[in-house]
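Visitor: I should like a close look at a single part of this model. Please take me through it with the criteria stated as you proceed.

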Amino acid sequence: MRIIVHKARCQGHARCSAQAPDVFRLDDEGYILPGDIEVGEGEQLLASRGARSCPERALELDRTPAARG
């Protein structure tokens, strides 16, 4: 699974990191770092919760076969 990061939408709520701090990396001001995120199998549930918790919809789940790697 991959998470597509729409950094321009991030407003620094940090809800994603509260759900999955090992998956979502934030800068010093609480904004998501740029770049898509490859999620390991053991982290998918928490990563999915974190992405869905974003009120700005800055995180998009990509479950296509290519993203499953």
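Visitor: How many bridges join S1 to strand S2, and in which direction do the two run?

Guide: This is a predicted model, in which local features need pLDDT of at least 70 and side-chain atom pairs count only at pLDDT 80 or more, while totals for chains, interfaces and linings use all residues. Residues are numbered from 1 along each chain as its sequence is written, and side-chain values use heavy atoms, with hydrogens and water left out.

S1 and strand S2 (residues 37-38) are joined by two bridges and run antiparallel. Strands (E, at least two residues) and helices (H or I, at least four) are DSSP runs numbered from the N terminus, and two strands pair if DSSP finds at least two bridges between them. In this pairing, Ile3 stands opposite Ile37 of S2. S1 is also joined to strand S3 (residues 59-62) by four bridges, again antiparallel, and there Ile4 faces Glu60.

S1 (2-5) also contributes to the largest nonpolar core: of its 16 residues, Ile3, Val23, Phe24, Ile32, Ile37, Val39 and Leu59 touch the most other members. Strand S1 and helix H2 (44-52) are the elements that give two or more residues to this core. Such a core is a set of buried Ala, Val, Leu, Ile, Met, Phe, Trp, Tyr and Cys residues joined through side-chain atoms within 4.5 Å; buried means under 20% relative accessible area, exposed over 50% and partly exposed in between, with a 1.4 Å probe and protein chains only.

Among these core members, Val23 is in contact (heavy atoms within 4.5 Å) with Ile37, Val39, Glu43 and Ala47, leaving aside residues up to four places away in sequence.
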